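Work through the exercises below with the sequence and the 3D view at hand. Each task is followed by a worked solution.

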Amino acid sequence: MNRRIVLRVATIAALGAVAVLPARAQARASAAADTSTSVFDVGGVHVILRRNTANDVVAANLYLLGGTQQATPQTAGTEPLLLWVSERGTKHYSRDALTSKMAALGSAIVVEPRDDWTMFGFRGTRDTFDSTWAILADRLIAPTLAPADVEFIRAQVLGGVRQRNDSPDDLVQGLADSLLFAGQPYAIPSTGDVNSLASITAADLQKYRATQIVTSRMLLVVVGNIERARLEKLILPTLGTLPHGDYKWTAPPDPVSRPADAMFVQRTLPTNYVLGYYPGPRSTSPDYQALRIATSVLSGRLFTEIRVRRNLTYDVSAPFIERAISSGGLYVTTVYPDSVLGIMRHEIARMQSTLLDPENLNVIVQQFITEYFLNNETDAEQANQIARAELYGGDYRLAGQFVEQLRAVTPVQIRDASRKYMKGTHFAYVGDSTKVSKQLITSF
């Protein structure tokens, strides 16, 4: 699964989303400085193009907005299944022709289901852009969706889902999300589950394509050495022919506030897997970046106390989940769950009662910034940064304000965010449940 983004002081992961802060006005004011990026609509498709002439690599990311809000527990996985089946053939390309053509082009088409969207895009070069676009568009507009192909892809996807459930790490992540967001869209797995995938028919996919593949759901972000006129010429006769629809992007509703609880899955394992999530701020909140840094600080402290000093685990972290509605968490795999949970409670209390030294905060922020620029080197990742800023912040230019937002976070904001959000944790536990105190795990 790809729900969990772990940020640790020792090994800080790549960052992406940009929250809405007062910096939005600054982003608009400084827009003139960004002469490489243009925003326009073509045939009802909202397009953000960042021209990068440094090389001929191009990333085109088409975001089909809505994600799990497009689904119910019974229909979960319909959209990604549709896109995966489309590689088996379209109106203008047979399955064999698609395979040979893509091999000759050297391009790669990717399908990435997420909770807030499904990304359908490709990585290629300037020379092969037009030909790859034609294939991508035909897969979206005119897939054949033959029943035999649906069954073939369904079997592959179901195999992956079953393996996910067999993996304690993947299982505990799915359970923790379903607990925190019970009854809400984020509780629905973006790729579907065994029950929903088994019930989706070829007719269901055809109906979904006809009714839900509309341009109002589309955000196209292209980063690379491609001219606007060339891109417009490709979009108009392809995606521009699709119905517009009446979709409007909105974040999902907040999770229902409930007391801390826990779900246990009894399994005989060498270690126990423990993951708890608590609700965080919306991406439009000034608390968003404060909690992001707070979880990173906590992650580093847990790593030091639980792994380095006491050797009670080989993996521990305080994840920050980056979505329109964020969440934070506590993760560990250990044979000593009670001891570890006690340390976690102590470290959370320390986050909530003391201020981080400003010099230490500066070091952490600089690590974030370094990783941010390293992660932002590829065209594909730049496209993701732009999309998150546009959707989560309402303005793609906020991506350029990310560094300033991090540097503006104060020790007081970090402490206050810890107090406000690091509570009401919903835990999932996979392993020997007799090793953990139920009273302790539900006290966070």
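**Exercise 1.** Locate Arg-154, decide whether Arg-154 is buried or exposed, and list what surrounds it.

Solution. Start with the helix: Arg-154 is part of α5, which spans residues 147–166. The model is a predicted one. Next, take the accessibility: the relative value for Arg-154 is 7%, and buried means under 20%, so Arg-154 counts as buried. Then look at the side chain, which makes a polar contact of 2.8 Å with the side chain of Glu-151. Finally, setting aside neighbours within four places in sequence, Arg-154 is in contact with Leu-81, Leu-197, Ala-198, Ser-199, Ile-200 and Thr-201.

**Exercise 2.** Find which helix gives the most to the largest nonpolar core, and examine Phe-129.

Solution. The largest nonpolar core has 48 residues, and those touching the most other members are Phe-129, Trp-133, Leu-140, Met-218, Leu-231, Ile-235 and Leu-239. The helix that gives the most is α4 (residues 129–141), with six residues. Beyond its neighbours within four places in sequence, Phe-129 has contacts that include Val-58, Ala-60, Phe-122 and Leu-234. A second, separate core has 45 residues, among them Val-316 and Tyr-421.

**Exercise 3.** Describe how α10 and α12 are arranged and which residues meet.

Solution. First, the axes of α10 (residues 287–309) and α12 (residues 358–375) come within 11 Å and cross at roughly 105°. Angles of 65 to 115 degrees count as roughly perpendicular, therefore α10 and α12 are roughly perpendicular to each other. Second, Arg-292, Ile-293, Ser-296 and Val-297 of α10 meet Leu-361, Ile-364, Val-365 and Phe-368 of α12. Sorted by class, this contact has six nonpolar, one polar and one charged residues.

Note on methods:
Residues numbered from 1 in each chain as written. Predicted model: local features only at pLDDT ≥ 70, side-chain atom pairs only at ≥ 80, totals over all residues. Heavy atoms only, no water. Core = buried A, V, L, I, M, F, W, Y, C linked by side-chain atoms within 4.5 Å. Buried < 20%, exposed > 50% of the residue type's maximum accessible area, 1.4 Å probe, protein only. Helix = DSSP H or I, 4+ residues; strand = E, 2+ residues; numbered from the N terminus. Contact = heavy atoms within 4.5 Å. Axes fitted to C-alpha atoms, helices over the stretch in contact; angles between N-to-C directions. Parallel < 35°, antiparallel > 145°, perpendicular 65-115°, else oblique. Nonpolar A, V, L, I, M, F, W, Y, C, P; charged D, E, K, R; others polar. Polar contact = N/O pair within 3.5 Å; in protein donor to acceptor, adjacent residues only side chain to side chain.
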